[in-house]
Amino acid sequence: MKLAIFNGSPRGKTSNTNKLLNHFQNGFLKAGGVIEIMEYLIMEKHLDNQVQHFKEAENILLAFPLYVDSAPGVVKQFIEAIGNFDGSGKRIYFFIHSGFPEAIHSQGLLRYLEFLVKRWNINYGGTILKPGTEQIRMRPEKKNEKLFKDFEKLGSHLAENGELEKEILNKFKQPYVFSKRALPIVRLLMKLGVIDSAWNKIMKENRVLDRCFDTPLLS
């Protein structure tokens, strides 16, 4: 199986998207798959070539993080550049991940992608949906081993069977929403500042922590 991969993360090669795709590719290649091309959409000066490569590929994986409950700007630009495209006989897969702990945050984007697949008249191979990925860069590599192995298995299964393994897909998108039993614990962790500690650290480094609840667009 041949696959063209398009990485839509604004962080490019240093992104969690790329880190997870590397393990996916390892499994895909070991199982006999062929990566035709790997494009980084953040390289906007290559947009025309990226669109051409997309239109020429038979099997496509479009991967990107969730940004403000939507796709990053470079992905939107890429989709608009592709325009009204007839993808008959081709197949597309998506990989969406986010820093949110619940997968439900990506639901609106999933609906849009379902519309996009119909608009392009392209076969839909499924979506890899993974919440909670921002912590990857904050944990020791050993803590990520299980996740990386699952991505490798996902790549192997796609190369061998032409489809994404449903068991891993279902595992990845948990929790879709927090259970009633888990909510009191989550609320306690929020109160203690544990859940927001990583985001607070980034805001503190950028000297905007004291402005995190500003509402400049409200009258």
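The legends below describe close-up views of a predicted model.

Residues are numbered from 1 along each chain as its sequence is written, and side-chain values use heavy atoms, with hydrogens and water left out. Local features need pLDDT of at least 70 and side-chain atom pairs count only at pLDDT 80 or more, whereas totals for chains, interfaces and linings use all residues.

**View 1. The five-stranded sheet.** The strands of this open sheet follow the order β2-β1-β3-β4-β5 with parallel pairing, where strands and helices are DSSP runs numbered from the N terminus (E, at least two residues; H or I, at least four) and two strands pair if DSSP finds at least two bridges between them. At the edges stand β2 (34–40) and β5 (123–130), each of which pairs on one side only. The twist from one strand to the next averages 15 degrees, angles being taken from 0 to 180 degrees between the N-to-C directions of lines fitted to C-alpha atoms, for helices over the stretch in contact. Seven bridges join β4 to β5, and Arg91 stands opposite Asn123 in β5.

**View 2. Helices against the sheet.** Helix α1 (residues 16–30) packs on the sheet and touches β1, β2, β3, β4 and β5, its direction making about 170 degrees with that of β2; contact here means heavy atoms within 4.5 Å. Helix α5 (residues 145–161) lies across β1, β4 and β5 and runs at about 175 degrees to β5.

**View 3. The largest nonpolar core.** This core has 30 residues, and those with the most contacts inside it are Phe6, Phe54, Phe64, Phe78, Ile92 and Trp120; such a core is a set of buried Ala, Val, Leu, Ile, Met, Phe, Trp, Tyr and Cys residues joined through side-chain atoms within 4.5 Å. Its largest share, six residues, comes from α4. Beyond its neighbours within four places in sequence, Phe54 is in contact with Phe6, Ile60, Phe78, Ile82, Phe85, Ile92 and Trp120.

**View 4. Salt bridges at the loop between β5 and α5.** The side chains of Arg11 and Glu134 meet in a salt bridge (3.3 Å, N to O), defined as a side-chain nitrogen of Lys or Arg within 4 Å of a carboxyl oxygen of Asp or Glu. Arg11 belongs to the loop between β1 and α1 and Glu134 to the loop between β5 and α5, 123 residues apart. Glu134 is buried at 12% relative accessible area, whereas Arg11 is partly exposed at 35% (buried means under 20%, exposed over 50%, partly exposed in between; 1.4 Å probe, protein chains only). Lys19 forms a salt bridge with Glu141, their closest N and O atoms being 3.5 Å apart.
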